[in-house]
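Thanks for coming, everyone. Let me put the structure up on the screen and walk you through it.

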Amino acid sequence: MREITLSQAVNEALAEEMRRDETVFIIGEDVAEAGTPFKVLSGLVEEFGTSRVVDTPISEPGFMGVAVGAALTGTRPVVDLMFGDFMYLIMDQLCNQAAKAYYMSGGKLNVPLVLRTNLGATRRSAAQHSQSLHALVAHIPGLKVALPSSAFEAKGLMKTAVRDNNPVVIIEDKLMYNDKAPVPEEEFLIPFGQANIKREGQDITLIATSSMVQVCEVAADILAQDGISAEVIDPRTIVPLDEDTLLASARKTSRVIVVDEGHQSYGITGEIASRINEKAFYHLDAPVLRMGAMDVPVPFSPALEDLTVPTPEGVARNAHLLVAGEMIHAA
Amino acid sequence: MPLEVIMPALGMAQDTGRLVAWLKQPGEAVAEGDVLFEVETDKSTMEVEAPAAGFLASVTAEAGQDVPVGQTIAIISTSKPDNPVAQAAVLFEVAATSEEEQPEHLVQRPVLSQPSADGRILASPKARRLALEQGLDLALLVEAGHPQPFHVKDLEALKSLAPQMPAKEGPIGQAQHQIAACISSAAQHEFLRWMKEDGGIVIPASAIWAAFAAAAWRMAHDSRDEVIVELTSLGGTSKLFANPDRARLSVQPETDGVLPDLRLQDLTGSPITSLNIGPSDCAVLNVAGRGEELTLRLDFTPQQITGDAALTFLTGFAERLEDPLTHLI
């Protein structure tokens, strides 16, 4: 199978959906001529013109509001938010308007909108351009949240997101834009709420989202050398969450680490760990461990920034402790 | 106030220091800044000064000894000591080497080999559940000094401790489970009356029970194996039947010398509705009641029959008793 970058995968998905459905359009800062700072959308304005690839002023609340209105009146906007950190600016449009329109109109109004943005630290972008804020939106009923972990997921999930009749937030890992993965040339969609077992194992389950899937796959390699068989599962969408697959794995291995790049406190890791505690308690032989990003603003200093996110070595170390029954109280 | 003098750390990676010589004798007065002793590290020999004025009251390391950094090697007192002490250092080699062996990233395992004051045993949820299901008593592991908390792998040690131990009573002993049901006895009476009037066959109700119990047991286990049912009554009689569901109701051959899968306790005609006076080697079905109602109660452990299967069994048995003809034909 041919290999393409995550950036190309997103570009292909949007191009295909825009060809398929003329109500799909892109709106955001620097999306047309510039093709975004990450060059994800390069070439789209040439094919679809500036009426369907719309450059806006630097005004996130403004263009997000325009997109919600456009969605309510029958189009399918794909909003490009340059950095996930800017989600703070569009909270009302996203969480109070888009997420609630269907409910508050008694089902008469839909907001078929996709918000495309990103997450991820260790790019030396400092505290206001390095956050992983998916927990903020996953908390809001009415929003679906997809976290692609490779080019394959990026394409399949994006196409599903565009076709969804309700708002979807899809958050890419900005460090992964140039990472290649096998992606079929023929059309495919990845349904929401279906986790992917990246690697089967018997001794411990590593549940990893987005950027942390790669981290956990390397951790599983390290563990395999030490004779520990780790299962790696990527939920792919955190809303809806494929609980069945996660619980089945937890029951099988009896030990779980949940790894996510959002801040650890009050985050995705805590939510998933809690569900496993509640629903697979009597199958657990060790406490379910959370590994998120450190609860600090992401430092600019490279030496410090690298310390704030989970690493393969850190995951493997904790896995060792859990399997040996030596994790009494997590640090 | 007496002041402890410790072996100082003179280098970044220094674990111990060799005491070369004491320059003051026990009992001697020292001024702050006086050279007190000499230490040899891997790089050089250094003089160490007294940290305060006073008297060298006790010296707890001898020249020539390698003393771990941080260990007290002398005490300086403010008043002149009556009996100044001098002795060799007691070296805790174990502490020094175990620290070296321990990779720095591993946290020290807090081993709790003693039960906590309130008698609570620390065990993982899965270990606790499996112990309960298998009738294993975690307290035995505590008595054996096995370090807590217990995990599933510790159950192997527990099994070797007590291979044939009968389960203890109580919350962490063998789990005794129960399912009870209440049905009408009208259909059974009607069936027995019909057998008698139409066919002239007189059989005890317990014959139907044995047949239905074997059939329901077989269904609950989805098995074609032999099913042995023991029929007991309050009067103390006991009979064993092999596959009573496959024999004719009027002629059920007795067997012996085999262990029953199920004991059927006939308590009808007495005010007693269930009887469980000690662990049983098989599941026990109590059939009790006078008049229009029959109460059924199954006592079992998960080793004898799983909860799901037990529920299927009792439901199947009750259904058969409430509609005997359909199930016999």
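I'll take confidence first, then the two chains, then some local detail.

This is a predicted model. The predictor gives the complex an ipTM of 0.78 and a pTM of 0.61. Chain B has an average pLDDT of 80, and 86% of its residues score at least 70. There are weak stretches. In chain B, residues 93-113 have a pLDDT below 50, and in the model that stretch makes 13 contacts beyond near neighbours in sequence. Residues 164-173 of chain B are also below 50, with 11 such contacts. Where pLDDT is low, the predicted coordinates should not be read in detail.

Now the chains, one after the other. Chain A has 12 helices and 14 strands. Of its 331 residues, 52% count as buried. Take the contacts in chain A between residues at least 6 apart in sequence: 79% of them join residues at least 24 apart.

Chain B comes to eight helices and 16 strands. It has 329 residues, and buried ones make up 28%. For contacts in chain B between residues at least 6 apart, 57% join residues at least 24 apart.

What does each chain bring to the contact between them? Chain B gives 12 residues and chain A gives 11. On the chain B side, the classes are five nonpolar, three polar and four charged residues.

Next, the cores. Which residues touch the most other members of the largest nonpolar core? That core has 104 residues, and the answer is A:Leu206, A:Cys216, A:Ile257, A:Val259 and A:Ala319. Both domains of chain A feed this core: at least three residues come from domain 1 (3-182), and at least three from domain 2 (196-323). Apart from it lies another core, of 34 residues, which includes B:Ala211, B:Trp217, B:Leu231 and B:Leu267. In soluble globular proteins, nonpolar side chains tend to be buried together.

Look at A:Ile257 up close. Leaving out residues up to four places away in sequence, A:Ile257 touches A:Ile204, A:Leu206, A:Leu289, A:Met291, A:Val315, A:Asn318, A:Ala319 and A:Leu322.

On to helix H9 of chain A, residues 243-253. Its buried residues are A:Leu246, A:Ser249, A:Ala250 and A:Thr253. How do they sit around the axis of H9(A)? They fall within an arc of 100°, so they line one face of the helix. An α-helix has 3.6 residues a turn, so residues three or four places apart point the same way. And what do the buried residues of H9(A) pack against? Three strands of chain A, S10 (204-208), S11 (230-234) and S13 (256-263), plus helix H10 (268-280).

Both sides of H9(A) are worth a look. Just after the helix, A:Ser254 takes a positive phi of about 70°. In the loop between strand S12 (237-239) and H9 of chain A, we find A:Pro240. The peptide bond from A:Val239 to A:Pro240 is cis, with omega near -5°.

Chain B has a cis bond to show as well. The peptide bond from B:Gln148 to B:Pro149 is cis, again with omega near -5°. B:Pro149 sits in the loop between helix H3 (138-143) and helix H4 (154-161) of chain B.

Back to chain A, and A:Leu157. This residue is in helix H7, residues 151-163. Is A:Leu157 buried or exposed? There are 26 other C-beta atoms within 10 Å, and 20 or more is the cut-off, so A:Leu157 is buried. Not counting residues up to four places away, A:Leu157 touches A:Ala146, A:Pro148, A:Ile170, A:Ile190 and A:Arg236. The C-alpha atoms of A:Leu157 and A:Leu189 are separated by 6.5 Å, with the two positions 32 residues apart along the chain.

Last stop: one loop of chain A, between strand S2 (24-28) and helix H2 (44-48). A:Asp30 lies there. A:Asp30 has a positive phi of about 60°, although it is not a glycine. A:Lys39 is found in the loop between S2 and H2 too. Phi of A:Lys39 is near 60°, also positive in a residue other than glycine. How exposed are they? A:Asp30 is partly exposed, with 16 other C-beta atoms within 10 Å. A:Lys39 is partly exposed, with 15.

That's the tour.

Key
Residues are numbered from 1 along each chain as its sequence is written. Chains are lettered from A and ligands numbered from 1 in the order in which they are written. A nonpolar core is a set of buried Ala, Val, Leu, Ile, Met, Phe, Trp, Tyr and Cys residues joined through C-beta atoms within 7 Å. A residue is buried if 20 or more other C-beta atoms lie within 10 Å of its own, exposed if 12 or fewer, and partly exposed in between; C-beta atoms are placed from the backbone. Domain bounds come from an automatic or database domain assignment. Two residues are in contact if their C-beta atoms, placed from the backbone, lie within 7 Å. Ala, Val, Leu, Ile, Met, Phe, Trp, Tyr, Cys and Pro count as nonpolar, Asp, Glu, Lys and Arg as charged, and the others, Gly among them, as polar. pLDDT is the predictor's confidence in each residue, from 0 to 100. Helices (H or I, at least four residues) and strands (E, at least two) are DSSP runs, numbered from the N terminus. The arc is that of the directions from the helix axis to the C-beta atoms.
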